[in-house]
Amino acid sequence: VSYGLQATGDASSSKEGKISLTTAKVEIHATGTGIYANNWGSVIVGNTDTQEVSISGASQGVKLSKGGCAEITGEQVNISNDIKGKPLIEIDNSVRTAKRPAQLIVKGKQIELASAGQVIDVKAKYSTSPSYPKASVVLGNDSTESLNIKGTSGIKLSNNSEVTGKAKDIALTAKSVYSTVGVEATNDKAKVQLIAKDHLRVDVTGNGAKSVHTTGDSEVNLSGNDVKIQATSTGGLVYGVYSETKSKATISGNTVEISTTGGKNGNKGEIGSAALYANNSNIEVDANKVVVNTTNAKEHAFAVYSNWGSDIKLGKDANSEVQISSSSEGTATGVAVASAGSGTPADGKVTIHGAKINVSAEGKKARGLYAQDNNKISAGNTGSDIQISVKGEDAIGVLALVHGSVDLNGKNAVIKAESRSNLASEGIHVQNTDLMDTAHRA
C-alpha cells in the first residue's frame with residue numbers, strides 16, 4: 001500500500017512517532033492512502049497560515065489506528081478518494097493495546113469530504129471495566145463557514161466513538177443505488193453531533209434509505225437554525241429518523257423539517273415509510289416550528305411511530321407550530337403509538353406541544369391519531385388550536401384501541417374524516433376488546 005504521509009510510533013513503550021508538513025499550500029496524492037498514522041503515530045498537516053490543503057488517496061484519504069492521531073488545518077480543506085471499497089476516513093482504535101485515543105481534527109473555513117463510497121467509519125474497543133481509549137473525529141469549529149460531506153453513505157460509528165461537526169452551514173449527502181444511511185450510531189457509547197449556526201441538511205437517497213439511525217447505548221444530536229432531514233427511497237424501506245434499542249436522537253433548531261419520499265414494506269412486513277420511528281428508544285424534536293411528513297409511499301406510511309415503550313416529543317413549547325402529514329397508496333397514518341412485538345413492553349407515548357397543531361393523512365386507509373396497547377398520545381396545551389383531517393376509503397380521525405388513549409388539549413379542536421368512496425369514515429373511534437377489564441372501558 002502506498003501512503004502520502006505515514007507516521008508510526010510504539011504504543012508498548014508510549015513513544016510517539018511524528019511527521020509534519022506545514023507549507024502555505026499542501027497537496028498529498030497517494031495511490032493508496034493519503035495519511036496513515038498507526039501505533040501512536042502522529043501527523044500534522046498545515047497551520048493557520050496554510051491556504052489550501054488537498055488530500056486524496058485512491059483507496060482512502062485518512063486512516064488512523066492504535067492510538068494514531070492527525071490534525072489538518074487550512075483555509076480550505078479537501079479530502080477525497082476514488083475507490084468505493086473502503087471509507088474515505090477510517091478511525092479504528094479497537095485493539096486493547098492502543099493506550100491512548102485515536103483522533104482526527106480538521107480545521108478550516110471550508111471543509112469538503114468527498115468519498116466514492118462511505119465517508120466516515122469510526123470505532124474503538126469498549127467495556128465498562130476496564131475502560132479503553134475512544135476513537136473520535138472533530139470537523140470544523142466556530143470559525144468554519146461550510147462543512148460538506150458527500151458519499152454513497154455518510155457517517156458510521158460503533159462502540160466508544162464520537163464524531164463532532166461544527167460550521168455555519170453543514171450539508172451531508174448520501175446517494176446510492178443500494179440501501180444507504182446518512183448518520184448511524186450503533187452499540188455502546190457512540191455519539192454523533194452536527195452543530196450548525198444556520199443551515200443543517202441531511203439528504204439520503206437509495207434503494208432503501210435512513211437519514212439517521214441509532215441503536216444500542218448511542219445518541220445522535222443534530223442542531224441548527226434551519227434543519228432539514230430528507231430520506232428518499234427508490235424501492236425499499238425509507239426512514240427519516242430510525243431510533244431503536246435504548247438509543248436517543250435529538251433534533252433541535254428554530255425550524256426542523258423531517259420528511260420521507262417513497263418507500264414500500266419489507267419482505268418480513270417491516271413498515272415501508274416513517275419520518276420518525278422509535279422502537280424501545282427516544283426521539284425529541286425541539287423546535288419552534290416542526291414539520292414531519294411522508295409522501296408517495298406505496299404501502300404502510302407513518303409520519304410518527306412510537307413503538308414498544310418509546311417516547312417521542314415534538315415541539316419546543318406551548319407556542320410552537322407542529323405540522324404532521326402522511327400520504328400513501330396504501331395505509332397512511334399521522335401519529336401512531338403501539339406495541340408491535342413479543343413480550344411485555346413499557347408504556348410508550350407521543351407528546352406534541354404547540355399553539356398550532358395540524359395532523360393529516362391520506363391513503364386507501366387513513367388514520368390521524370392512533371393509540372393502542374396502554375400507550376398514549378397527548379396533543380396540545382391550554383389555548384392550542386388542533387386540526388385533524390383524514391381522507392381515504394377507510395378514514396378515522398382519532399382511533400384508540402385496547403387501553404390506548406388520546407388526549408387533545410386546547411381551546412379548539414376540529415376533526416374531519418372524509419371517505420373518498422362513500423365508505424366508512426369516523427371522526428373518533430374508541431374500542432376496548434378486553435371485556436373483563438371494567439376499569440378501562442372504551
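This tour moves through a predicted model, from a buried strand and its partners to three loop residues.

Because the model is predicted, local features are taken at pLDDT of at least 70 and side-chain atom pairs only at pLDDT 80 or more, while totals for chains, interfaces and linings use all residues. Residues are numbered from 1 along each chain as its sequence is written, and side-chain values use heavy atoms, with hydrogens and water left out.

Select residues 238-244 to begin, which form strand β22; strands here are DSSP runs of E of at least two residues, numbered from the N terminus. Seven of the seven residues of β22 are buried, so the strand is largely enclosed by the rest of the structure, where buried means under 20% relative accessible area (1.4 Å probe, protein chains only).

Add residues 209-215 next: this is strand β20, which runs parallel to β22 and is joined to it by five bridges, two strands being paired if DSSP finds at least two bridges between them. Within this pairing, Thr214 stands opposite Ser243 of β22. Then add residues 273-279, strand β24, which is also parallel to β22 and linked to it by six bridges; here Val241 faces Leu276 of β24.

Move now to the loop between β13 (118-124) and β14 (135-139), where Pro130 is placed, and look at the peptide bond from Ser129 to Pro130, which is cis, with omega near 0°.

Go on to Asn374, in the loop between β32 (365-372) and β33 (376-379); its phi is near 65°, a positive value in a residue other than glycine.

Finish at Val402, in the loop between β35 (394-401) and β36 (405-408), where phi is near 50°, again positive in a residue other than glycine.

Methods:
Buried < 20%, exposed > 50% of the residue type's maximum accessible area, 1.4 Å probe, protein only. Helix = DSSP H or I, 4+ residues; strand = E, 2+ residues; numbered from the N terminus.
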